[in-house]
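Trainee: Could you take me through one part of this protein slowly, and then show me how that part sits in the whole? I would like to follow it with the structure open beside me.

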Amino acid sequence: MNSSAKEILWRQFGASMDMLENAISFCPDDLWSGKNKFWYIAYHCLFWLDYYLTLEPRAFSPPSPFTLSEFDPSGALPPEVYNKEELLAYLRYSREKCRILIAGMTDETAERRWVNEYKDYPLQEILLYNMRHVQHHTAQLN
């Protein structure tokens, strides 16, 4: 993958994460854990952001204190309400993971298959899918 394409992808993905960061940072405290569960929508977005940035989905494990609760088929919420600082730290973690992944992409890795039980995409497509997912939930949060 040429450096121009990687720069474009990183700028656009980075802008999406910037918008998510703003939505989380500026959420009023009274809405954080209210009936619409702002914290949970933000967490859901961050969990899947991290997951889709993992080259081997079967080996995925989120950083502490986060769990694999998003994989629970019953739809159970995480065991605790995460605060802004925890979610912003998770965003920083995923931003760096994304930056490293894109910076290291070659033509070969861009075409590498990202496969789980529901999806089978080339890496470059799962990145676009992931960016769109971030944008979708950022719009909800705003």
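**A close look at helix H1**

Mentor: Happy to! Helix H1 covers residues 3–25, which is 23 residues, and its first and last C-alpha atoms are 32 Å apart, close to the 33 Å expected at 1.5 Å a residue. Please keep in mind that this is a predicted model.

Let us start where the helix starts. Asparagine 2 caps the N-terminal end of H1, with a side-chain oxygen 3.0 Å from the backbone nitrogen of serine 4.

Now look along the helix for the residues that are hidden from the surface. The buried residues of H1 are Lys6, Leu9, Phe13, Gly14, Ser16, Met17, Leu20, Ala23 and Ile24. What do these buried residues pack against? Their partners are four helices: H2 (29–32), H3 (38–52), H4 (84–103) and H6 (123–141).

H1 also has a charged link to one of those helices. Side chains of opposite charge can pair when their charged atoms come close. Here, glutamate 21 and arginine 95 form a salt bridge, at 3.4 Å from N to O. Glutamate 21 belongs to helix H1 and arginine 95 to helix H4, so this pair links distant parts of the chain, 74 residues apart. Is glutamate 21 buried, partly exposed or exposed? Its relative accessibility is 32%, and glutamate 21 therefore counts as partly exposed, since buried would require a value under 20%.

A search of the whole structure finds eight salt bridges, and two others are worth visiting. In helix H4, the side chains of glutamate 96 and arginine 99 meet at 2.6 Å, N to O. These two residues are three apart in H4, so about one helical turn separates them. Glutamate 96 is partly exposed at 36% relative accessibility, and arginine 99 is partly exposed with a relative accessible area of 36%. Elsewhere, arginine 113 pairs with aspartate 120, and their closest N and O atoms are 2.9 Å apart. Both ends of this bridge are partly exposed: arginine 113 has a relative accessible area of 44%, and aspartate 120 has 45% relative accessibility. Returning to the pair we met in H1 and H4, salt bridges that share partners join Asp18, Glu21 and Arg95 into one network.

Two spots in the loops deserve a look as well. In the loop between H2 and H3 you will find lysine 37. Lysine 37 has a positive phi of about 50° although it is not a glycine, and its relative accessible area of 33% makes it partly exposed. Proline 65 is in the loop between H3 and H4, where a cis peptide bond joins it to serine 64, with omega at about 15°.

Finally, step back to the whole protein. There are six helices and two strands, following the pattern α-α-α-α-α-β-β-α along the sequence. The radius of gyration is 15 Å, close to the 14 Å that the globule rule gives for 142 residues, so the protein is as compact as a globular protein of that length. Its C-alpha trace spans about 45 × 30 × 25 Å along the principal axes. Buried residues make up 44% of the 142 residues. Of the contacts with a separation of 6 or more, 69% are between residues 24 or more positions apart. The accessible surface comes to about 7,900 Å², and carbon and sulfur atoms account for 53% of that.

Notes:
Residues numbered from 1 in each chain as written. Predicted model: local features only at pLDDT ≥ 70, side-chain atom pairs only at ≥ 80, totals over all residues. Heavy atoms only, no water. Expected span 1.5 Å × (residues − 1). Buried < 20%, exposed > 50% of the residue type's maximum accessible area, 1.4 Å probe, protein only. Contact = heavy atoms within 4.5 Å. Polar contact = N/O pair within 3.5 Å; in protein donor to acceptor, adjacent residues only side chain to side chain. Rg over C-alpha atoms; globule rule 2.2 N^0.38 Å. Areas by Shrake-Rupley, 256 points an atom, 1.4 Å probe, with all protein chains shown as cover. Salt bridge = Lys/Arg side-chain N within 4 Å of Asp/Glu carboxyl O.
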